[in-house]
Amino acid sequence: MITAPTMNVLMVGGYFDESGGRASGYFKKLADAFQLVLPRMSCRILNGGSLTDLNEIAQDLSAVTHLVWFADVPNAFVNLLPALTARYPGLVLVSSKNNRKNLYSHAALFARMRKSRSELLLEFRESLEGALASSVLTVQGDVLLDNSTDIVSVAACRGRYWQQLQSLVFPLCKQPFLTQESHSYIQRNFNRDTEIPLGCHPGAFGVARKHHYHEGVDLYGMPGDDVLAMESGIVVARQAFTGASAQSPWWNETQCLMIEGASGVLNYGEIHCAFPLEQGAAVHAGQVIGQLVRVLQVDKGRPCTMLHLERYVRGTLVPIVSWPLPDPQPEQLCDVSALLLQSIKGATPC
């Protein structure tokens with residue numbers, strides 16, 4: 001049995017329409033199995049119903065930390081999920097796709113996950129025996145479970161991934177806090193040291209800047225603050241990130257360190273890297289990997305020193321130069337917001 005810190009989970013499945021919809025037998029079994037493998041979580045389940053029911057539950061997800069969204073809705077409501085994840089970027093989302101007609105490749109499903117900000121996706125196919133089989137895919141392009149007809153195994157696989165996220169380390173040697181603009185739905189009694197930008201915050205992922213979308217999340221601090229590895233992994237790159245050495249002389253000289261781990265490749269940018277850490281070095285979760293240095297040459301009314309944190313799919317060896325307007329999100333780039341929100345559960349002051 002999997003044990004994990006308490007989660008506030010909302011599971012939405014079944015069919016929704018104007019006449020009251022209908023429940024899904026498979027979704028009920030999956031919800032029951034999930035509560036069996038993660039007994040400490042707080043779980044609310046909506047299995048089929050009217051579109052009014054669906055709209056009401058979607059009005060406020062401020063208390064929800066994990067969202068399982070398997071709702072079958074009319075085409076007029078297909079954009080409801082992207083709207084929810086844009087409004088609540090810290091949600092750990094599990095989505096689904098019926099692929100019994102083999103219309104979607106895994107590459108197409110991974111792209112779909114990035115667009116909807118899903119951490120996991122359950123792909124449904126038919127087994128050779130004609131039963132409903134599920135595969136568990138991650139936004140990193142991994143297949144954690146392939147065509148399983150055992151619902152408990154599917155639930156346990158998902159639970160293990162969520163448990164892995166619970167062990168992430170907050171990447172600055174300070175306690176984080178959430179502002180009202182950051183949808184303070186996972187507030188804890190943290191000291192007000194480090195802001196976690198979400199939504200329309202100028203330091204949030206995907207926010208439109210003057211010439212580009214913001215490729216990561218900015219965590220503000222002071223020069224000399226330690227930067228910690230969020231998870232264990234291997235250094236895959238160390239290079240100049242801003243300044244003349246990186247062909248951006250309008251910023252100060254900083255470096256970045258890219259570490260590949262279970263969550264993909266995390267790029268710790270706008271820092272001074274710890275001296276011994278070179279390509280191929282092993283890093284453990286919580287290890288000091290560098291320090292913050294001032295990056296902005298001109299004070300724009302916000303802190304001039306920050307950790308610029310990016311997340312890429314596994315196998316990425318160099319950060320993207322820019323995500324220009326109005327281009328779609330680059331294939332190798334993922335949103336790191338949900339990982340940061342998970343990491344604050346275990347944050348401790350230094």
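Okay, let's start with helix α4, residues 106–116, where the buried residues are Leu 109, Phe 110, Met 113, Arg 114 and Ser 116. Before I go on, a reminder that this is a predicted model.

So what do those buried residues of α4 pack against? There's one helix in the list, α3 (80–87), and then strands: β4 (92–98), β5 (120–126), β6 (132–138) and β20 (333–334). Keep β20 in mind, we'll come back to that end of the chain.

Now walk off the end of α4. Just after the helix you land on Arg 117, with a positive phi of about 65°. Most residues other than glycine have a negative phi, and Arg 117 is not a glycine. Arg 117 sits in the loop between α4 and β5. Is Arg 117 buried or partly exposed? Its relative accessibility is 27%, so Arg 117 counts as partly exposed, given that buried means under 20%.

Arg 117 also takes us to the cavity. How many cavities of 30 Å³ or more are there? The count is one, with a volume of about 100 Å³. Its lining has 13 residues, and the closest to its centre are Arg 117, Ser 118, Glu 119, Arg 311 and Asp 335. If you sort the lining by class, you get six nonpolar, two polar and five charged residues.

Let's pick up Asp 335 from that list. Asp 335 is in the loop between β20 and α6 (337–343), and with 12% relative accessibility Asp 335 counts as buried. What does Asp 335 touch, leaving out residues up to four places away in sequence? The contacts are Pro 89, Arg 117, Phe 205, Arg 311 and Gln 329. Closer along the chain, the side chain of Asp 335 makes a polar contact of 2.7 Å with the side chain of Ser 337.

On the other side of β20, look at the loop between β19 (323–324) and β20, which is where you find Pro 326. The peptide bond joining Leu 325 and Pro 326 is cis, with omega about -5°. For background, most peptide bonds are trans.

Next, helix α2, residues 51–58. Here Leu 51, Leu 54, Ile 57 and Ala 58 are buried. Why do they line one face of the helix? Look down the axis of α2 and the buried residues fall within an arc of 130°, so one face is what they line. The general idea is that an α-helix has 3.6 residues a turn, so residues three or four places apart point the same way. And what covers the buried residues of α2? The cover includes strands β1 (8–17), β2 (42–50) and β3 (66–72), plus helix α3. You met α3 a moment ago, packing against the buried residues of α4.

Staying in this area, Thr 65 is in the loop between α2 and β3. Thr 65 counts as buried, at 5% relative accessibility. Its side chain and that of His 66 are joined by a polar contact of 2.7 Å.

One last stop. Glu 270 is in strand β15, residues 264–273. Like Arg 117, which is not a glycine and has a positive phi of about 65°, Glu 270 is not a glycine and has a positive phi of about 65°. Glu 270 is buried, though, with a relative accessible area of 8%, whereas Arg 117 counts as partly exposed.

Key: Residues are numbered from 1 along each chain as its sequence is written. This is a predicted model: local features need pLDDT of at least 70, side-chain atom pairs count only at pLDDT 80 or more; totals for chains, interfaces and linings use all residues. Side-chain values use heavy atoms; hydrogens and water are left out. On a 1 Å grid over the protein atoms alone, a cavity is a set of points where a 1.4 Å probe fits but cannot get out, and a pocket is an open set with protein on both sides within 12 Å along at least five of seven lines; lining residues have an atom within 4 Å of a point. Grid points are joined across faces, edges and corners, and a volume is the space filled by probe spheres set on the points. Ala, Val, Leu, Ile, Met, Phe, Trp, Tyr, Cys and Pro count as nonpolar, Asp, Glu, Lys and Arg as charged, and the others, Gly among them, as polar. Buried means under 20% relative accessible area, exposed over 50%, partly exposed in between (1.4 Å probe, protein chains only). Helices (H or I, at least four residues) and strands (E, at least two) are DSSP runs, numbered from the N terminus. Contact means heavy atoms within 4.5 Å. The arc is that of the directions from the helix axis to the C-beta atoms. A polar contact is a pair of N or O atoms within 3.5 Å; within protein, one must be able to donate a hydrogen and the other to accept it, and residues adjacent in sequence count only if both atoms are side-chain atoms.
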